Amino acid sequence: MKKIKVLTENCIGCGACVGIDPEHFTFNDEGYSIPKSNENLDSETLMNAIESCPVGIISFEEVNGEEKENDEETV
Ligand code: SF4
């Protein structure tokens with residue numbers, strides 16, 4: 001499963017991502033961006049918002065649906 005990841009501690013609060021894609025981003029109480037939804041991750045608007053970030057802190061992260069206990073992978 002994929003999730004939006006914002007390194008909020010590095011956000012400069014420019015508002016580009018929230019302005020472009022309010023479906024996926026919102027501001028926290030300090031005026032910095034946080035992910036809002038993980039629906040519709042193939043959206044072009046979302047891609048535009050990610051590319052618009054001047055400090056490049058928006059990305060995707062892979063998360064396991066289950067607890068992170070079975071880390072063993074055979075190659
Ligand atoms: S575009 Fe980047 S710097 Fe601007 S508010 Fe969004 S996450 Fe923060």
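In what order do the elements of the protein chain run from the N terminus on?

## Overall architecture

From the N terminus on, the elements of this chain run β-α-β-β-α-β, an arrangement in which the protein chain has two helices and four strands. The model described here is a predicted one, and every value given below should be read with that in mind.

The protein chain has 75 residues, of which buried residues make up 28%. Among contacts between residues at least 6 apart in sequence, 52% join residues at least 24 apart.

## The cavity and its lining

A search of the whole structure finds one cavity of 30 Å³ or more. About 90 Å³ of space lies in the largest cavity, and of the 15 residues that line the largest cavity, Cys11, Cys14, Cys17, Ser33 and Cys53 are the closest to its centre.

Which helix contributes the largest share of the lining of the largest cavity? That share, three residues, comes from helix α1, which spans residues 16–20. Sorted by class, the lining of the largest cavity consists of twelve nonpolar and three polar residues, with no charged residues.

## The ligand and its shell

The ligand sits in the largest cavity. There are 13 residues around the ligand, and those that come nearest are Cys11, Cys14, Gly15, Cys17 and Cys53. Cys11, Cys14, Cys17 and Cys53 are thus named among the residues nearest the ligand, and these four cysteines are also named among the residues closest to the centre of the largest cavity.

How many nonpolar, polar and charged residues does the shell around the ligand have? By class, the shell around the ligand has ten nonpolar residues, three polar residues and no charged residues. The lining of the largest cavity likewise has no charged residues.

## Ile57 and the segment after β1

Ile57 is placed in the loop between α2 (44–52) and β4 (58–62). Is Ile57 buried or exposed? Ile57 has a relative accessible area of 7%, and because this is under the 20% cut-off, Ile57 counts as buried. Not counting residues up to four places away in sequence, Ile57 touches Lys5, Val6, Leu7, Asn10 and Cys11. With one of these residues, Asn10, the separation along the chain is 47 residues, while the C-alpha atoms of Ile57 and Asn10 are separated by 7.1 Å.

Leu7, one of the residues that Ile57 touches, has its place in the loop between β1 (2–6) and α1. Leu7 counts as partly exposed because its relative accessibility of 31% falls between the cut-offs of 20% and 50%. The C-alpha atoms of Leu7 and Ser33 are separated by 8.6 Å, although these residues are 26 residues apart along the chain; Ser33 is also one of the residues closest to the centre of the largest cavity.

## The loop between β3 and α2

Asn38 lies in the loop between β3 and α2, and with a relative accessible area of 31% Asn38 is partly exposed. Leaving aside neighbours within four places in sequence, Asn38 is in contact with Lys2, Lys3 and Ile4. Asn38 and Ile4 are 34 residues apart in sequence, and their C-alpha atoms are 6.4 Å apart in space.

Asn40 is likewise placed in the loop between β3 (33–35) and α2. The relative accessible area of Asn40 is 45%, and Asn40 is therefore partly exposed, as this value lies between 20% and 50%. What is the sign of phi in Asn40? Phi of Asn40 is near 55°, a positive value in a residue other than glycine.

## Glu62 in strand β4

Glu62 lies in strand β4 and has a relative accessible area of 60%, so that Glu62 is exposed, the cut-off being over 50%. Leaving aside neighbours within four places in sequence, Glu62 is in contact with Met1 and Lys2. The C-alpha atoms of Glu62 and Ile4 are separated by 8.9 Å, with their positions 58 residues apart along the chain given as the separation. Lys2 thus appears among the contacts of Glu62 and also among those of Asn38.

Key. Residues are numbered from 1 along each chain as its sequence is written. This is a predicted model: local features need pLDDT of at least 70, side-chain atom pairs count only at pLDDT 80 or more; totals for chains, interfaces and linings use all residues. Side-chain values use heavy atoms; hydrogens and water are left out. Buried means under 20% relative accessible area, exposed over 50%, partly exposed in between (1.4 Å probe, protein chains only). Contact means heavy atoms within 4.5 Å. A residue is near a molecule or strand if one of its heavy atoms lies within 4 Å of it. On a 1 Å grid over the protein atoms alone, a cavity is a set of points where a 1.4 Å probe fits but cannot get out, and a pocket is an open set with protein on both sides within 12 Å along at least five of seven lines; lining residues have an atom within 4 Å of a point. A molecule sits in a cavity or pocket if more than half of its atoms lie within 2 Å of its grid points. Ala, Val, Leu, Ile, Met, Phe, Trp, Tyr, Cys and Pro count as nonpolar, Asp, Glu, Lys and Arg as charged, and the others, Gly among them, as polar. Grid points are joined across faces, edges and corners, and a volume is the space filled by probe spheres set on the points.
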